[in-house]
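Biologist: I have this model open on my screen and would like a close look at a single part of it. Could you walk me through the stretch around the end of the first helix and tell me what sits around it?

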Amino acid sequence: MAGKTGRIPATEFKAKCLELMDRVAESRESFVITKRGKPVARLVPMDRKPKDSIFGWLRGEAWERGDIVAPAAPPGEWEVLKEWDELNAASPARRRRHRQKPGEKSK
C-alpha cells in the first residue's frame, strides 16, 4: 500500500502522532490532517536519499608538495641523531640487569 493517503482529524493525530510517523516512514503512507473537516496539514514521507560513499569525500582537499616519502631534512642535519650518536659512542654498551624475584635462584 505504498503511496496511500489517509485523512485523520487533528485530535486523533495528536493522540497517535508517533505511531503515524512510524507508519509513514515504514510503509510510505501519507496523511492529510484535518481540523473541523478542513485539511490543514499533510504528513508525508521524506525522500529516501541513497547513502553516500565515504570514498572520495576529501578529494581535492589536500595537495602533494614534493616528495612525500623522503625525510624533510637530510639525516646529517638532524641534531637528535647527532646527539644520539655522541651518547652511544661515549658510553659503553649497557646491559639491563634482570631483577631477581624473591625466592628465585641466581643465574
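Modeller: Happy to; what follows is a walk from that loop outwards to its surroundings. Please keep in mind that this is a predicted model.

Let's start with Glu29, which lies in the loop between helix H1 (10–27) and strand S2 (30–35). Is Glu29 buried or exposed? Its relative accessibility is 10%, and because buried means under 20%, Glu29 counts as buried. The side chain of Glu29 has two polar contacts worth finding on your screen. One goes to the side chain of Arg23, at 3.1 Å. Another goes to the side chain of Ser27, at 2.9 Å. The pairing with Arg23 is also a salt bridge, with the closest N and O atoms 3.1 Å apart. The two partners differ in their surroundings: Glu29 is buried, with a relative accessible area of 10%, while Arg23 counts as partly exposed at 33%.

How many salt bridges does the structure hold? There are two. Besides the one between Glu29 and Arg23, the side chains of Lys16 and Glu12 meet in a salt bridge, at 3.4 Å from N to O. Why are Lys16 and Glu12 separated by about one helical turn? They are four residues apart in helix H1, and that spacing is what puts about one turn between them. Lys16 counts as partly exposed, at 35% relative accessibility. Glu12 is partly exposed too, with a relative accessible area of 34%.

Back in the loop, have a look at Arg28. Arg28 is placed between H1 and S2, and has a positive phi of about 60° although it is not a glycine. With a relative accessible area of 23%, Arg28 is partly exposed. You can find a positive phi of about 60° at Arg36 as well, again a residue that is not a glycine. Arg36 lies in the loop between S2 and S3 and is exposed, with a relative accessible area of 81%.

From Arg28 you can also look across to a residue from another part of the chain. Asp47 and Arg28 are 19 residues apart in sequence, and their C-alpha atoms are 9.6 Å apart in space. Asp47 is found in the loop between S3 and H2. Asp47 counts as exposed, at 71% relative accessibility.

Now step from the loop into strand S2, where you will meet Ser30. Ser30 counts as buried, at 10% relative accessibility. Which residues is Ser30 in contact with, leaving aside its neighbours within four places in sequence? They are Lys4, Thr5, Gly6, Leu43, Val44 and Pro45. For Thr5 there is a more specific detail to zoom in on: a polar contact of 3.1 Å joins the side chains of Ser30 and Thr5.

Gly6, another residue on that list, deserves a turn of its own. Gly6 is found in strand S1 (residues 5–9). At 17% relative accessibility, Gly6 counts as buried. Leaving aside neighbours within four places in sequence, Gly6 is in contact with Ser30, Phe31 and Val32. For Gly6 and Val32, the separation along the chain is 26 residues, yet from C-alpha to C-alpha they are 6.2 Å apart in space.

To finish, let me take you to the loop that follows strand S3 and to the helix after it. Ile54 lies in the loop between strand S3 (38–43) and helix H2 (79–90). Ile54 is exposed, with a relative accessible area of 63%. Together with Phe55, Trp57 and Leu58, Ile54 forms a nonpolar patch on the surface, and the four have about 600 Å² of accessible area together.

As for H2, the number of its twelve residues that are buried is zero, so this helix lies largely in the open. At 1.5 Å a residue, the twelve residues of H2 should span 16 Å, and the end C-alpha atoms are 17 Å apart, which agrees.

If you come back to one place on your screen, try Glu29 again: buried at 10% relative accessibility, with its side chain in polar contact with those of Arg23 and Ser27.

Key. Residues are numbered from 1 along each chain as its sequence is written. This is a predicted model: local features need pLDDT of at least 70, side-chain atom pairs count only at pLDDT 80 or more; totals for chains, interfaces and linings use all residues. Side-chain values use heavy atoms; hydrogens and water are left out. Helices (H or I, at least four residues) and strands (E, at least two) are DSSP runs, numbered from the N terminus. Buried means under 20% relative accessible area, exposed over 50%, partly exposed in between (1.4 Å probe, protein chains only). Contact means heavy atoms within 4.5 Å. Patches are made of residues with over 30% relative accessible area and no salt bridge: like charges are joined within 9 Å, nonpolar side chains (Val, Leu, Ile, Met, Phe, Trp, Tyr) within 5 Å. Accessible areas come from the Shrake-Rupley method with a 1.4 Å probe; for residues, only the protein chains shown count as cover. A polar contact is a pair of N or O atoms within 3.5 Å; within protein, one must be able to donate a hydrogen and the other to accept it, and residues adjacent in sequence count only if both atoms are side-chain atoms. The expected span of a helix is 1.5 Å times one less than its number of residues.
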